[in-house]
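Let's walk through this model together, one region at a time. Keep the viewer open and turn the structure as you read.

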Amino acid sequence: MKAIEISQTGMDVEWRRLEVIAQNLANANSVVNGAGAPFRAMRLLSGPKKAFHRLLETGGLADDALAGVEVYGLTPIDTPPRVVHEPGNPQADAHGDVTYPGVDRAAEMTLMLKTARVYEANVVAMNLARQMYLKALEIGR
Amino acid sequence: MTSPIVPINGLMNADAIEPLSAGVRPAQGGFANLILQGLAKVDQKEAAADKLVSAFAVDDTIPVHRVMYALEEADGAVQMMLQVRGKLVDAYQELMRMQL
């Protein structure tokens, strides 16, 4: 049932990516130079599991070449922070400016939709693989 | 002169008839093992699914697709075992129907 395992890893990765996006959106209004750790918007890096080089070496379908995807890590996005002039804000600095993290809300929403569609595609792939498995059990009936 | 009638030689190099059960028994052991192994695997998968469901009820950070996958895997193992059982029962009935 390797196709089902691979779809499972795909769903795991998209789940993590959604968590990172949710973190970005939730922190869109966290002041950068306020109390606590400064927030930087992150992107999840993912790719095929390390066995991908086996796919290139063997030029085809070695047993461990199709291993699914995994999370490689997080990388901060280097959009410049938003500087807003709010003199009344208690977290404003000497000039009365408050810096918010550079979270591009439109980009985050687009990425969230893409993530949701890929997750659904993985669910459909897994369901079909399971249907094939159950069909094979009808051989000889 | 015609040659005398050659006496019939006794049975030479006659092997003893091996008992029938000597060849049959290993195959029967294989079938029994097949069913037991299948049952053990199904039991394992059911236990894993059960553990994951109760862990999910307590702690929400386990992704829900992992829980569903464990349940589906257990279900698939049960279906497979039913098919294997059906085939073995059919084979047994075929053998029993042979006229001796």
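A good place to begin is the way chain A folds back on itself: of its contacts between residues at least 6 apart in sequence, 66% join residues at least 24 apart. Please keep in mind throughout that this is a predicted model. Chain A has three helices and four strands, and if you trace the elements from the N terminus, they run α-β-α-β-β-β-α. The chain has 141 residues, and buried residues make up 29% of them.

Now bring chain B into view and look at where the two chains meet. The size of an interface is often given as the accessible area lost when the parts come together. Here the area buried between chain B and chain A is about 1,300 Å², with carbon and sulfur atoms giving 52% of that. On the chain B side, His65(B), Tyr69(B) and Gln83(B) lose the most area to chain A, and together they account for 43% of what that side buries. Counted by residues, the contact draws 17 from chain A and 13 from chain B.

What kinds of interaction cross this boundary? There are three salt bridges between chain B and chain A, and the side of chain B that touches chain A divides into five charged, four polar and four nonpolar residues. One salt bridge to look for pairs Arg66(B) with Asp12(A), whose closest N and O atoms are 2.5 Å apart. Between the two chains you can also find six residue pairs in polar contact, with both residues at pLDDT 80 or more.

Tyr69(B) deserves a second visit. Setting aside residues up to four places away in sequence, Tyr69(B) touches Ile4(A), Glu5(A), Gln8(A) and Met126(A). In soluble globular proteins, nonpolar side chains tend to be buried together. The largest nonpolar core in this model has six residues, and Tyr69(B) is in it along with Ile4(A), Met11(A), Tyr119(A), Met126(A) and Ala129(A). Two elements of chain A, α1 (2–26) and α3 (105–136), each give two or more residues to this core. The largest share, three residues, comes from α3(A).

Stay on helix α3 of chain A and you will come to Arg130(A). Is Arg130(A) buried or exposed? With a relative accessible area of 12%, Arg130(A) falls under the 20% cut-off and is therefore buried. Beyond its neighbours within four places in sequence, Arg130(A) is in contact with Ile4(A) in its own chain and with Glu72(B), Asp75(B) and Gly76(B) across the interface. The fold also brings together distant parts of chain A here: Arg130(A) and Ala3(A) are 127 residues apart along the chain, yet their C-alpha atoms are separated by 9.1 Å.

Let's turn to the salt bridges more broadly. Side chains of opposite charge can pair when their charged atoms come close. Over all chains, the structure holds nine salt bridges. In helix α1 of chain A, Glu14(A) and Arg17(A) lie three residues apart, about one turn of the helix, and they form a salt bridge with closest N and O atoms 3.0 Å apart. Both Glu14(A) and Arg17(A) are buried. In that helix, Arg16(A) and Glu19(A) are separated by about one helical turn because they are three residues apart, and their salt bridge has closest N and O atoms 2.5 Å apart. Arg16(A) is partly exposed, at a relative accessible area of 38%, and Glu19(A) is partly exposed too, at 39%.

Helix α3 of chain A holds another pair, Arg117(A) and Glu120(A), again three residues apart and about one turn of the helix. Their side chains meet in a salt bridge at 2.9 Å, N to O. Salt bridges that share partners also join Arg130(A), Glu72(B) and Asp75(B) into one network.

Finally, follow helix α1 (residues 21–58) of chain B to Val42(B). Val42(B) is buried, with a relative accessible area of 10%. Apart from its neighbours within four places in sequence, Val42(B) is in contact with Ala77(B), Val78(B) and Met81(B). From C-alpha to C-alpha, Val42(B) and Gly76(B) are 8.9 Å apart in space, while 34 residues separate them in sequence. Gly76(B) is also one of the residues in contact with Arg130(A), which brings you back to the interface.

Key: Residues are numbered from 1 along each chain as its sequence is written. Chains are lettered from A and ligands numbered from 1 in the order in which they are written. This is a predicted model: local features need pLDDT of at least 70, side-chain atom pairs count only at pLDDT 80 or more; totals for chains, interfaces and linings use all residues. Side-chain values use heavy atoms; hydrogens and water are left out. Contact means heavy atoms within 4.5 Å. Buried area is the accessible area (1.4 Å probe) that two parts lose on being put together, summed over both. A salt bridge is a side-chain nitrogen of Lys or Arg within 4 Å of a carboxyl oxygen of Asp or Glu. A polar contact is a pair of N or O atoms within 3.5 Å; within protein, one must be able to donate a hydrogen and the other to accept it, and residues adjacent in sequence count only if both atoms are side-chain atoms. Ala, Val, Leu, Ile, Met, Phe, Trp, Tyr, Cys and Pro count as nonpolar, Asp, Glu, Lys and Arg as charged, and the others, Gly among them, as polar. A nonpolar core is a set of buried Ala, Val, Leu, Ile, Met, Phe, Trp, Tyr and Cys residues joined through side-chain atoms within 4.5 Å. Buried means under 20% relative accessible area, exposed over 50%, partly exposed in between (1.4 Å probe, protein chains only).
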